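Thanks, everyone. Please have a look at the structure on the screen before I start.

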Amino acid sequence: MQTSFAGRVAEAVRSIPSEKIGKPTVGLILGSGLGSFVETVEGTDIPYNEIREFPVPTVEGHAGFLRIAPSFAVMAGRFHYYEGWSMDDIVLPVFLLYSLGVRTLIVTNAAGGIRRSFSAGELVLIKDHINLLGENPLRGPNPQGFGPRFPDMSESYSKKLRALAQEVAAGQGGGGNLQEGVYAAFAGPTYETPAEVEMAERMGADLVGMSTVPEVIAARYLGMEVLGVSMVTNMAAGILDKPLSHQEVMETAAQVVPGLSRLLRGILSRIAPS
Ligand code: HPA
């Protein structure tokens with residue numbers, strides 16, 4: 001984290017018109033294809049290009065605006081390491097949400113399933129992560145006093161929020177509990193090789209993806225409680241005997257999005273009633 005980072009955060013906060021800020025206590029950072037969820041949320045929009053210091057997403061399927069509802073705020077579109085953004089850029093939205101009052105962060109992503117009990121099209125709660133990005137967003141001076149120098153990561157994905165998500169999912173039917181798993185973040189943009197997937201599996205990973213970990217590190221640094229949900233859009237490379245494609249990832253994501261949206265709405269009605 002660079003010394004001027006606090007200045008960037010302050011500038012981003014200043015570019016949100018005060019009448020739009022509301023009182024969000026829960027923040028969501030949504031991955032691939034969740035535009036249709038955001039459309040169902042009533043609130044005021046601030047396009048990323050109107051938030052000073054914000055990068056503008058480049059990936060297809062990532063819209064790029066902040067929607068502020070009365071009790072929660074949604075980042076529709078995130079910044080990925082593989083796009084070339086710096087770690088500071090990637091975590092800036094988390095600091096902005098924090099500065100608006102958010103203390104609970106919900107992150108979603110698309111992921112490849114490693115664990116054989118997962119199947120494409122399934123929602124999995126993230127219970128922990130392995131950072132294989134080769135970088136940490138908190139590296140650098142820590143003069144801004146946002147959080148501790150050495151943040152604890154022993155319960156990065158809140159047990160309480162996972163239990164709540166399980167309860168909401170059970171109440172919504174669909175049979176059985178959501179599975180839980182460890183998410184390993186690779187830098188991308190290549191999908192992993194089968195050997196890398198095997199390495200991740202031996203390390204204890206159940207899911208692979210290219211996002212989420214920087215934001216969760218930042219959120220934990222800021223003392224936020226985190227819930228992470230992966231949509232398993234494909235089995236990871238080498239698990240099945242077939243190649244991976246972004247097209248397949250997007251198509252499966254589109255099929256899973258209604259279920260994820262329902263889960264998110266159910267969770268929000270419990271922790272961020274409007
Ligand atoms: N690997 C990495 N990222 C992903 C995958 C995958 O298999 N599927 C969706 N995002």
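I'll go through the nonpolar cores, one buried polar residue, and then the salt bridges.

One caution to begin with: this is a predicted model.

Let's start inside. The largest nonpolar core has 58 residues. Which of them touch the most other members? Ile 51, Leu 66 and Leu 96 do. Helix α3, residues 87–100, supplies the largest share of this core, with 9 residues. Apart from this core lies another, of 33 residues. Val 26, Phe 72, Ala 76 and Met 231 are among its members. As background, nonpolar side chains in soluble globular proteins tend to be buried together.

Take Leu 66 as an example. Beyond its neighbours within four places in sequence, Leu 66 is in contact with residues including Ile 16, Ile 46 and Ile 51. Its contacts also include Ala 73, Val 74, Leu 96 and Leu 100. Some other names on that list are Thr 44, Asp 45 and Tyr 48.

Now a polar residue. Asn 109 sits in strand β5, residues 104–113. Is Asn 109 buried or exposed? Its relative accessibility is 1%, so Asn 109 counts as buried. What does its side chain meet? There is a polar contact of 2.6 Å with the side chain of Ser 230. Leaving out residues up to four places away in sequence, Asn 109 also touches Arg 78, Ile 126 and Tyr 183, among others. Met 231, a member of the 33-residue core, is another residue that Asn 109 touches.

On to charges. How many salt bridges are there in the whole structure? The search finds 13.

Here is one: Glu 201 with Arg 116, at 2.9 Å from N to O. This pair links distant parts of the chain, 85 residues apart. Glu 201 is in helix α5, and Arg 116 is in the loop between β5 and β6. Arg 116 counts as exposed because its relative accessibility is 53%. Glu 201, at 33%, is partly exposed.

Next, Glu 225 and Lys 160 meet at 3.4 Å, N to O. These two are 65 residues apart, with Glu 225 in strand β9 and Lys 160 in helix α4. Lys 160 is exposed at 58%, while Glu 225 is partly exposed at 26%.

A third pair is Glu 248 and Lys 242, with the closest N and O atoms 3.5 Å apart. Glu 248 has 18% relative accessibility, so it counts as buried. Lys 242, at 46%, is partly exposed.

Last, a network: salt bridges link Arg 8, Glu 53 and Asp 89.

Key:
Residues are numbered from 1 along each chain as its sequence is written. This is a predicted model: local features need pLDDT of at least 70, side-chain atom pairs count only at pLDDT 80 or more; totals for chains, interfaces and linings use all residues. Side-chain values use heavy atoms; hydrogens and water are left out. A nonpolar core is a set of buried Ala, Val, Leu, Ile, Met, Phe, Trp, Tyr and Cys residues joined through side-chain atoms within 4.5 Å. Buried means under 20% relative accessible area, exposed over 50%, partly exposed in between (1.4 Å probe, protein chains only). Helices (H or I, at least four residues) and strands (E, at least two) are DSSP runs, numbered from the N terminus. Contact means heavy atoms within 4.5 Å. A polar contact is a pair of N or O atoms within 3.5 Å; within protein, one must be able to donate a hydrogen and the other to accept it, and residues adjacent in sequence count only if both atoms are side-chain atoms. A salt bridge is a side-chain nitrogen of Lys or Arg within 4 Å of a carboxyl oxygen of Asp or Glu.
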